[in-house]
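The following exercises concern helix packing and buried residues. Please work through each task before reading its solution.

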Amino acid sequence: MSTNKAAEASIELAGLIDHTVLKPDASRADVARHCDEALEHGFASVCVNGVHAGFVARRLKGSAVKTCAVLGFPLGASGAESKALEAAALVKAGADELDMVLDIGALREGDLARVEADIQTVRDACRGKVLKVILETALLDDAQKEAACRIAAEVGADFVKTSTGFSTGGATIDDVKLMRRIVGDKLGVKASGGIRDAKTALAMVEAGASRIGASASVAIVSGASDAPAGY
C-alpha cells in the first residue's frame, strides 16, 4: 500500500473508533488526554465512565467528536430502573451516545421478556441519543447472541456491541459476522475488547463492524504494533 493510501485508510478507520478510557483508576488528566487525541485524530467519540461524561462533553463542545458513556457497566446487573435513571443522568450531562450492558443473566437463562424490558426501559430514557447494547459475547452461545441482536433491533437500539473488555474475552471475527448477519443494515455493529492494532481493527470492519471500541486507538491509526493491553 502506498503512503497516501495508507494515510487515507488510517483517516477512514479513525472515524469509526470510539476512543475508550474505562479503567477504574482513570484520572481526569487521562480523560483530557483522550479527548485531545480524539480531536487530533478525528475519532468518532470518546467513551468514558459516567463520572466523566460532563467533563468530556464540555471539552469536546463544538467539535464533531461525540461524547459516549457506558451504563450498567460492566456487569449489566443493576436492573432496568437503575439503568434508566443512569441513562437520563448521562443525557443531562451531555452524552451523545450510551453503551449499555444488557441483563446477561436473564439472557443466559432464556428470560427474553426481561431482556427486552431491560433494553426498552433504557431506550425510552434516552430517546434521540445513540444507544449501543453490549452483549458480552464471551459469556453467550450463538443462540443467545442471535436473540439479543433481534431484541435490540426490535426495541430500536442503534448498535449491538460485542464486549465490555472486562470479561473473559473480547471481540472475535465470528461474533461480528454473526451480529451483522442478524441485524443486517438496520443497526450498527460495534467490535470492542482486545483490538490493539490496525490489522485487527480492519479485519473487524471487513467482518461487518461499523464502529470499533479501543483504548489503543492512537496506536491503531499510527500503525504501531506495541500497544499496551487494556481497555
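**Exercise 1: Two helices in contact**

In this predicted model, helices α8 and α9 are roughly parallel to each other. Task: establish why this description applies to α8 and α9, and state which residues form their contact.

Solution. Step 1: Two packed helices are described by the angle between their axes and the distance between the axes. Step 2: For helix α8 (residues 173-183) and helix α9 (residues 198-207), the axes come within 8 Å and cross at roughly 30°. Step 3: Angles under 35 degrees count as roughly parallel, and α8 and α9 are therefore described in this way. Step 4: The handedness of this crossing is right-handed. Step 5: Helix α8 contributes I173, V176, K177 and R180 to the contact, while α9 contributes A203, M204 and A207. Step 6: Sorted by class, this contact of α8 with α9 comprises 5 nonpolar and 2 charged residues, with no polar ones.

**Exercise 2: A residue of α8**

Task: decide whether D175 is buried or exposed, and identify what D175 touches beyond four places in sequence.

Solution. Step 1: D175 lies in helix α8. Step 2: Its relative accessible area is 8%. Step 3: Buried means under 20%, so D175 is buried. Step 4: With residues up to four places away in sequence set aside, D175 touches T137 and K145.

**Exercise 3: The largest nonpolar core**

Task: name the residues that touch the most other members of the largest nonpolar core.

Solution. Step 1: This core has 69 residues. Step 2: Those touching the most other members are I119, L131, V133, L135 and V160. Step 3: Apart from neighbours within four places in sequence, V160 has contacts that include V133, L135, M179 and V183.

Notes: Residues numbered from 1 in each chain as written. Predicted model: local features only at pLDDT ≥ 70, side-chain atom pairs only at ≥ 80, totals over all residues. Heavy atoms only, no water. Axes fitted to C-alpha atoms, helices over the stretch in contact; angles between N-to-C directions. Helix = DSSP H or I, 4+ residues; strand = E, 2+ residues; numbered from the N terminus. Parallel < 35°, antiparallel > 145°, perpendicular 65-115°, else oblique. Left-handed = near helix turned anticlockwise from the far one by under 90°. Contact = heavy atoms within 4.5 Å. Nonpolar A, V, L, I, M, F, W, Y, C, P; charged D, E, K, R; others polar. Buried < 20%, exposed > 50% of the residue type's maximum accessible area, 1.4 Å probe, protein only. Core = buried A, V, L, I, M, F, W, Y, C linked by side-chain atoms within 4.5 Å.
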